[in-house]
Amino acid sequence: MKLSEMQHTIPWKKIIFLGLIILIAIVGLWLVSALRHFSGYDVVSSRTQKDASNSSYVVLGDNIVRYGRDGAIYTDNQGHTIWNATYEMTAPAVDTCGEYLIIYNKNGTEVEVMNETGNVTDITSSYPITSAKVSKDGSVAALMQDGTVAHISLYNSRAKVIASGEIHMNKGGFPRAIGLSPNGDRLMVSLAGLTKKGIGTTINFYSFGKAGKDKIDNMVASYEYPGTLIPDIDYFDSGRAVAIGTDKIMLYSSAEKPDVLKTIKPEIEMKSVFHNEGYVGYICSKKQEDGKLKETAEVYSQRGFHRYSKTLTSEYSKAELLPTNELLLENGTNVTLVTIFGTTRFSANLKQSFSDF
């Protein structure tokens with residue numbers, strides 16, 4: 001009996017040992033790839049684009065949308081056209097979530113709803129749109145303004161209004177921004193105006209699910225931030241939310257009645273702020289060990305865990321968190337990419353200026 005038990009035990013130990021070796025090897029190769037640094041590049045292919053200076057770009061799925069005032073073109077990474085759409089907008093703006101994209105005319109009334117296969121529907125609003133958001137199921141939230149009254153409407157993927165409301169600015173405040181959850185059933189609004197403790201911002205959360213069914217105007221939570229203006233709010237891909245203010249960053253839970261997970265309040269003024277679907281961060285001037293002030297990037301997870309501090313070695317004019325979670329720093333023709341580990345992935349001077357990366 002003892003011999004039989006040993007014969008059955010030894011192979012399992014070998015399998016576990018080999019499994020650990022393979023796992024260590026995979027992790028090692030991944031770390032080597034993740035921490036590699038590139039300082040130059042070769043041009044593999046290129047193509048000429050007409051009217052490129054008047055175009056903007058956004059990633060949709062694995063491909064790129066180039067859009068402007070008179071239309072949009074969706075191309076793969078070889079430049080082959082997947083679809084194109086025509087419209088006329090004086091100030092086109094975009095938002096993406098999952099496989100959906102909206103292009104809307106800021107201060108106009110048109111919204112084009114698209115996905116990776118082409119146009120899904122068109123929305124015509126009743127009032128000029130100041131901001132719009134799209135969810136993973138194609139729902140669209142639009143913030144509109146008509147004099148001293150702000151209107152918020154939620155449309156489904158067939159352009160049908162499923163919820164709407166008004167905010168009178170002399171009572172509720174001036175709406176600065178809106179955020180729509182990935183599943184389209186929760187909305188957050190940033191209102192600048194008088195709070196109980198003075199001029200500041202109120203963040204209201206609305207739920208169109210069970211949590212908000214019996215609430216007045218579907219509002220499930222409200223937070224006041226006296227002395228702080230909050231022009232940027234959004235939902236992460238997980239359903240957690242973020243509010244970026246002039247002096248602090250608030251992170252909220254994914255519950256239908258959200259709680260504040262963490263408030264990030266830098267001691268030094270934030271010069272730049274950025275976020276994507278999973279992380280948030282800012283850049284400020286931080287005193288180093290030698291007593292000198294240097295620009296430093298601080299990046300946090302959506303739960304509020306500090307990921308890294310990165311002292312910048314050169315000036316920048318634009319900072320952006322890419323969908324790959326890499327921090328893009330631009331300054332003229334100089335480009336730097338910082339990984340989520342805080343290491344420099346790529347740094348080089350391009351041969352000419354560029355509009356997007």
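Does R307 count as buried, partly exposed or exposed, and at what relative accessibility — which is it? At 34% relative accessibility, R307 counts as partly exposed, because the buried class stops under 20% and the exposed class starts over 50%. Keep in mind while you look around that this is a predicted model.

Let's stay with R307 for a moment. You'll find R307 in strand β24, which covers residues 306-311. Follow the chain and F341 is 34 residues apart from R307, yet the C-alpha atoms of the two are separated by 7.1 Å. R307 has other company too: once its neighbours within four places in sequence are set aside, R307 is in contact with Y279, V299, Y300, S301 and I340.

Now for the aromatic rings. The count of aromatic pairs comes to 5. Take F205 and Y223, whose ring centres sit 6.2 Å apart with the planes at 85°, so this pair is edge-to-face. To pair at all, ring centres have to lie within 6.5 Å, and planes over 60 degrees apart count as edge-to-face. Because F205 belongs to strand β15 and Y223 to strand β16 (residues 219-226), the pair ties together parts that are 18 residues apart in sequence. How do the two partners fare for accessibility, buried or partly exposed? F205 has a relative accessible area of 2%, so F205 is buried, while Y223, at 21%, counts as partly exposed.

F205 has another ring partner, Y252, and that pair is edge-to-face as well, with 5.0 Å from centre to centre and 65° between the planes. This pair links distant parts of the chain, since F205 is in strand β15 and Y252 is in strand β19 (residues 249-252), 47 residues apart. Y252 is buried, and so is F205. Put the pairs together and you get a cluster in which ring pairs link F205, Y223 and Y252.

Step just past Y252 and you come to S253, in the loop between β19 and β20 (260-264). Is S253 buried or exposed? S253 has a relative accessibility of 13%, so it counts as buried. Leaving out residues up to four places away in sequence, S253 touches G239, R240, A241, P258, D259 and L261.

P258 and F205 both turn up again when you look for empty space inside the model. How many cavities of 30 Å³ or more are there? The count comes to 1, and the largest cavity holds about 40 Å³ of space. Its lining is made of 13 residues, and those nearest its centre are R186, F205, Y235, E256 and P258. Two strands, β14 (186-195) and β15 (198-207), each supply at least two residues of that lining, with β15 giving the largest share, 3 residues. By class, the lining of the largest cavity has 8 nonpolar, 3 polar and 2 charged residues.

There is open space to explore as well. The second largest pocket has about 530 Å³ of space. It is lined by 22 residues, and the closest to its centre are G165, E166, I167, Y206 and D217. Several elements give two or more residues to this lining: β11 (149-155), β12 (161-168), α2 (169-172), β14, β15 and β16. The largest share, 6 residues, comes from β12. By class, the lining of this second largest pocket has 10 nonpolar, 9 polar and 3 charged residues.

Between β11 and β12 there is a loop, and A159 is found in it. What is unusual to spot here is the backbone: A159 has a positive phi of about 70° although it is not a glycine. A159 has a relative accessible area of 23%, so A159 is partly exposed. N325 also has a positive phi, near 70°, in a residue other than glycine. You'll find N325 in the loop between β25 (318-321) and β26 (327-331), and with a relative accessible area of 23% N325 is partly exposed.

Last stop, the cysteines. How many disulfides does the model have? The count is 0, where a disulfide would need a pair of cysteine sulfur atoms within 2.5 Å. C97 is buried, with a relative accessible area of 8%, and C284 counts as buried at 5% relative accessibility.

Key:
Residues numbered from 1 in each chain as written. Predicted model: local features only at pLDDT ≥ 70, side-chain atom pairs only at ≥ 80, totals over all residues. Heavy atoms only, no water. 1 Å grid on protein atoms, 1.4 Å probe; cavity = no way out; pocket = protein on both sides within 12 Å on 5 of 7 lines; lining within 4 Å. Points joined across faces, edges and corners; volume = space filled by probe spheres on them. Helix = DSSP H or I, 4+ residues; strand = E, 2+ residues; numbered from the N terminus. Nonpolar A, V, L, I, M, F, W, Y, C, P; charged D, E, K, R; others polar. Phe/Tyr/Trp six-rings, centres within 6.5 Å; stacked < 30°, edge-to-face > 60°. Buried < 20%, exposed > 50% of the residue type's maximum accessible area, 1.4 Å probe, protein only. Contact = heavy atoms within 4.5 Å.
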